[in-house]
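Here's a walk through one protein model and its ligand, written for someone who'd rather be at the bench. Have a look at the sequence and structure first, then read on.

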Amino acid sequence: MDLRKKIRNIPDFPKPGIMFRDITPLLACPDSFREAIKQIADQYRGRKIDAIAAAEARGFIFAAPLALELNASFVPVRKPGKLPFDTQAFHYELEYGVDTLEIHTDAFQEGEQVLLVDDLLATGGTMNACVKLIEQAGAEVVGCAFAIELSFLNGREILAPHECFSLLTYD
Ligand code: 5GP
């Protein structure tokens, strides 16, 4: 099954010069979506993974079925003010300004093994913030998994030495 055929390329979205990789055709096809989750899960079967964590919103789409497939808990990483219980925040620098991500204070036990998931790896800024947040919470990142990687943006480099896996790579 060629999953790449299920990614729609949208030129000039959200800004001129950007080629957006649209995952909605893949999500619309249960066989393809199931196969994508299976192929990502295959990379991690047999390893100790206590939790799968992902940042809203597109990360959730892949992380939730992956958590069920790997029999791990699912932990949502959210924008400020969205989580109802006590939260722990991580502030990180953007090109212009600062952004914040939050998790519940009881999201992880000390030393838990966490797999981080997102739909797409571009510069790695979003995933790097998630890595820091998980480490600040006392858990351990076992890897970062993506459906798509834009390899020309070298996101892997900022995530090193954490291991990255992506299903589809665009050069
Ligand atoms: P980064 O922080 O690595 O620069 O950007 C990755 C984040 O931006 C991901 O959370 C992803 O959802 C979003 N993103 C950036 N470009 C694209 C794209 O072309 N397609 C999709 N589906 N998401 C994108």
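Which residues surround the ligand?

## Around the ligand

Keep in mind that this is a predicted model. The ligand's neighbours start with Met19, Phe20 and Arg21, then Arg58. After those come Asp118, Asp119 and Leu120, followed by the run from Ala122 through Thr123, Gly124 and Gly125 to Thr126. Sorted by class, that shell splits into four nonpolar, four polar and four charged residues.

Where do these neighbours come from? The elements β2 (19-22), β7 (113-121) and α4 (125-136) each put at least two residues into the shell around the ligand.

## Polar contacts and cover

Now for the oxygens of the ligand. One contact goes to Thr123, where an N or O atom of the side chain is 2.5 Å from a ligand oxygen. Asp118 also uses its side chain, with an N or O atom 2.7 Å from an oxygen of the ligand. Gly125 joins in through its backbone: a polar atom there is 3.5 Å from a ligand oxygen. On its own the ligand has 510 Å² of accessible area, and the protein covers 81% of that.

## The pocket it sits in

Zoom out a bit, and you'll find the ligand sitting in the largest pocket. This pocket has a volume of about 1,100 Å³, and 32 residues line it. Nearest its centre are Arg58, Leu120, Ala122, Thr123 and Thr126, and those five names also turn up in the set surrounding the ligand.

Quite a few elements chip in to this lining. Those giving two or more residues are β2, α3 (58-69), β5 (87-93), β6 (98-104), β7, α4 and β8 (140-150). The largest share belongs to β7, with four residues. By class, the pocket lining has 17 nonpolar, 10 charged and five polar residues.

## A cavity with a greasy wall

How many cavities of 30 Å³ or more are there? The count comes to one, and the largest cavity holds about 40 Å³ of space. Its lining is made up of Ile7, Ile23, Leu26, Ala36, Phe62, Ala147, Ile148, Leu167 and Leu168.

In class terms that's nine nonpolar residues, with no polar and no charged ones. Both β8 and β9 (164-170) supply at least two residues each to the cavity lining. You've met β8 already, as one of the elements giving two or more residues to the lining of the largest pocket.

## Backbone oddities

A few spots in the backbone deserve a look while you have the model open. The peptide bond running from Glu56 to Ala57 is cis, with omega near -5°. Ala57 is in the loop between β3 (51-55) and α3, and α3 begins at residue 58, a position you know as Arg58 from the ligand's surroundings.

There's another cis peptide bond between Ala160 and Pro161, with omega at about 10°. Pro161 belongs to the loop between α5 (155-159) and β9, and β9 is one of the strands that help line the largest cavity. Finally, check out Asp12: its phi is near 60°, a positive value in a residue that isn't glycine. Asp12 is in the loop between β1 (8-11) and β2, and β2 is one of the elements supplying the shell around the ligand.

Definitions and conventions: Residues are numbered from 1 along each chain as its sequence is written. This is a predicted model: local features need pLDDT of at least 70, side-chain atom pairs count only at pLDDT 80 or more; totals for chains, interfaces and linings use all residues. Side-chain values use heavy atoms; hydrogens and water are left out. A residue is near a molecule or strand if one of its heavy atoms lies within 4 Å of it. A polar contact is a pair of N or O atoms within 3.5 Å; within protein, one must be able to donate a hydrogen and the other to accept it, and residues adjacent in sequence count only if both atoms are side-chain atoms. Accessible areas come from the Shrake-Rupley method with a 1.4 Å probe; for residues, only the protein chains shown count as cover. On a 1 Å grid over the protein atoms alone, a cavity is a set of points where a 1.4 Å probe fits but cannot get out, and a pocket is an open set with protein on both sides within 12 Å along at least five of seven lines; lining residues have an atom within 4 Å of a point. A molecule sits in a cavity or pocket if more than half of its atoms lie within 2 Å of its grid points. Ala, Val, Leu, Ile, Met, Phe, Trp, Tyr, Cys and Pro count as nonpolar, Asp, Glu, Lys and Arg as charged, and the others, Gly among them, as polar. Grid points are joined across faces, edges and corners, and a volume is the space filled by probe spheres set on the points.
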